[in-house]
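Thank you all for coming; I would like to take you through one model this morning, and I will go element by element. Please keep the structure open in front of you while I talk.

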Amino acid sequence: LYHDYCIIGAGPSGLQAAYFLQRAGRDYVVFERSHTPGSFFALYPRHRKLISINKRYTGKSNSEFNLRHDWNSLLSHDRRLLFRRYSRDFFPDADAMVRYLEDFASLLKLRVQYNTAIVHVTLERDRQAWNGHYFLLTDQDRQNYKCSSLLVATGTWVPNVVNFPGSEYVEGYETVSINPEDFAGQTVLILGRGNSAFETAENILGVTNFIHMVSRSRVRLSWATHYVGDLRAINNGLLDTYQLKSLDGLLEGDLEDLAIVKDKKGKLHITLRFYLENRNTSAGIDSITLPQDELDNFATRAPYDRVIRCLGWKFDFSIYNRSLRLMTGKGNKKKYPQIKPSYESKGTRGLFVIGTASHSVDFRKSAGGFIHGFRYTTRAVHRLLENRHHGVPWPSTVYPITQLTNSIIKRVNEASGLYQMFSVLADIILLRENATAFEYLEEYPVGVLAELEVQTGRKAPNGLFVIIMEYGRNFSGADKDVFYYNRAVGEAQHAWQSNFLHPVIYYYKRLPTEHEMRLRPPDWPLPRPDAVHHIVEDFLTDWTAPNAHILPLRRFLENCLSTDLRNFFAESCFLFAFTRQKLPPFCRQGYVRMQGLVGSERLRRHAVEAGLLEDYTITDFLGNRPPDSHEGSQDHLLRDHAIPVHPLQHLVTAKDE
């Protein structure tokens with residue numbers, strides 16, 4: 001059975017990819033091992049409360065803006081498929097996500113083949129294929145499928161397990177009881193320090209004697225790191241009981257150095273691996289050396305009734321043949337496959353990893369491992385594939401240069417993809433010759449900026465702007481105090497010191513090269529630009545203040561383009577036509593082409609009272625004519641229907657400089 005596109009996994013990212021392929025009329029199929037989509041959420045989180053927020057009210061009706069605060073909905077044209085219709089809870093129940101994904105697949109009639117577990121994936125070389133090979137997939141019934149492109153959307157679902165002496169006594173997060181009464185009066189040790197560990201602790205906090213938590217790294221709070229995968233406030237009750245000395249506690253140590261010994265009463269004692277390695281294996285259990293035998297105040301000297309492993313998940317590499325060269329990541333990304341910033345496998349062309357498993361691109365930096373992030377990166381992958389295989393360029397819109405400031409302000413105030421995938425997805429503005437117009441591309445992966453012309457089918461010969469959202473350089477981190485006094489700046493001249501999420505505009509006279517991308521400064525999303533502008537952070541994330549936000553941005557753009565981006569009244573354009581060799585773009589593209597709104601006495605009077613126009617009725621060189629007289633008066637400029645003016649909003653006169 002052949003399909004152009006095969007998607008493995010009908011979780012959120014698999015369904016999101018299927019939606020875009022279906023809308024584009026492509027030949028695809030989704031393979032799902034379970035009988036229903038989103039089967040992961042039928043089991044996890046074990047205690048059923050999601051930590052993705054469901055903010056139903058924002059005070060605004062703009063659907064794009066509202067997605068900034070809706071972390072569960074997938075992207076679609078169907079207004080029924082907004083998650084707020086499935087749950088009223090700020091932190092929803094996981095069962096609501098299962099229902100949502102079932103409806104998403106059924107209402108949109110996505111082509112999902114259920115009860116099909118792909119057990120093996122390999123390559124078949126063929127020069128006629130899109131990528132020089134086909135992907136051959138085999139399911140549990142030995143049925144074979146052939147695809148030109150493979151999208152892996154299986155997520156990370158294999159539990160991380162640490163093996164050490166006595167690890168057979170450890171219960172896994174995936175099987176441990178979720179009934180608090182089963183832990184009444186017990187002493188519990190939890191291995192791990194992520195949200196699953198704290199979620200488990202939160203569930204039994206009120207019934208246990210005490211809970212200890214051990215992990216290699218120190219606790220990382222999401223409000224300090226600005227990474228949603230770190231410990232969230234909803235789960236951190238144990239931090240209270242630890243710091244307020246109510247018996248519970250946190251410890252740091254390498255889990256691979258531990259060992260667990262079970263005594264005759266069934267109690268579990270923590271010791272160190274090297275104590276066991278040096279003992280006589282035939283010796284009785286009572287002869288084992290425990291740390292407290294040498295250090296009588298050893299922290300974990302009290303025996304435990306239960307030890308629970310909550311160490312998260314990793315990607316399942318087992319089904320992929322070596323010919324695919326799907327390699328594990330390095331360092332703290334080893335739980336993910338290695339992929340490029342375009343989400344394509346480093347080892348095999350045409351194999352894309354989407355969803356949670358693609359998080360290596362922005363691990364611990366942005367939201368690419370979560371629905372509110374990968375719904376946008378999945379759309380980006382689809383757009384890359386549309387250009388590569390079907391000759392459909394990246395969607396773009398061409399505007400006259402006079403709309404440059406407005407276009408940027410509109411996007412930074414409402415775009416959800418830029419906001420959620422900060423430092424990863426960016427809007428690209430490609431300048432036309434002589435800066436008379438520009439082409440606007442939305443939410444392009446900045447990691448492949450150097451490949452923009454090849455990946456999008458758009459040309460960038462005349463320079464470009466890159467609009468991205470960033471936190472302050474030194475604001476985020478596990479050891480940072482993000483509540484310090486004077487943590488925010490409010491003056492436009494100090495915008496570069498902004499700490500909270502804010503828009504940053506990079507200007508390049510030419511497209512950066514691959515070499516420049518590789519040599520970019522540490523933690524910079526982009527290479528050093530020819531010019532850069534920070535729009536000052538805003539407490540309301542509302543970047544529409546005329547003086548603090550819009551005026552500095554406009555001046556920056558004017559300096560980059562050596563042009564005047566102000567808007568003018570028809571009267572000013574008329575005067576410029578007689579006094580200047582070159583008209584500003586607004587006059588050339590508006591006034592000279594007879595574009596604008598027809599003026600009126602009320603509009604003119606309003607402009608005079610606002611200080612935007614001179615009041616020529618007083619100094620009229622033809623004498624003291626009444627204000628409503630047409631003949632010979634410069635009011636004629638405003639009253640004559642042949643000479644239009646622009647609407648007053650957002651306009652300034654030539655004297656505003």
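Let me begin with a definition: the helices (H or I, at least four residues) and the strands (E, at least two) that I name are DSSP runs, numbered from the N terminus. With that in hand, Lys245 can be placed in the loop between helix H7 (237-243) and E11, and Lys245 has a positive phi of about 55° although it is not a glycine. Before going on, I should say that this is a predicted model, in which local features need pLDDT of at least 70 and side-chain atom pairs count only at pLDDT 80 or more, while totals for chains, interfaces and linings use all residues. Residues are numbered from 1 along each chain as its sequence is written, and side-chain values use heavy atoms, with hydrogens and water left out.

Most residues other than glycine have a negative phi, and most peptide bonds are trans. A second backbone feature is the cis peptide bond that joins Tyr44 and Pro45, with omega at about -5°; Pro45 sits in the loop between helix H2 (39-43) and helix H3 (63-66).

Now to the sheets, where two strands are said to pair if DSSP finds at least two bridges between them. Five strands make up an open sheet with parallel pairing, in the order E8-E14-E9-E10-E11. Strand E8 (171-172) and strand E11 (249-252) stand at the edges with a single partner strand each, so one side of each is left without a neighbour in the sheet. Within this sheet, strand E9 (residues 187-191) and strand E10 (residues 210-215) pair in the parallel sense over five bridges, and Val188 stands opposite Ile211 in E10. Helix H5 (residues 195-204) packs on the sheet, touching E9, E10, E11 and strand E14 (306-309), and its direction makes about 175° with that of E10; contact here means heavy atoms within 4.5 Å, and axes are lines fitted to C-alpha atoms, for helices over the stretch in contact, with angles running from 0 to 180 degrees between N-to-C directions.

The other sheet I want to show is open and antiparallel, with six strands in the order E17-E19-E18-E20-E21-E22. Its edges are strand E17 (396-400) and strand E22 (531-534), each of which has a single partner strand, so one side of each lacks a neighbour in the sheet. From one strand to the next, the twist averages 20°. Strand E21 (residues 502-508) pairs with E22 in the antiparallel sense over four bridges, and the bridge partner of Tyr507 in E22 is Ala531.

Which helices lie across these strands? Helix H10 (residues 371-390) lies across strand E18 (425-431) and strand E19 (437-445), running at about 120° to E19, whereas helix H15 (residues 546-561) lies across E18, strand E20 (464-470), E21 and E22, running at about 175° to E22.

H10 also meets helix H1 (residues 12-23): their axes come within 9 Å and cross at roughly 35°. On the H1 side the contact includes Pro12, Gln16 and Phe20, and on the H10 side it includes Ile371, Phe374 and His382.

Just beyond that helix, Arg26 lies in the loop between H1 and strand E2 (28-31). Not counting residues up to four places away in sequence, Arg26 touches Tyr5, Leu21, Arg111, Glu386, His390 and Val392. By contrast, Arg26 and Val214 are 188 residues apart in sequence and 49 Å apart in space, C-alpha to C-alpha.

That is where I will stop, and I am happy to go back to any of these elements.
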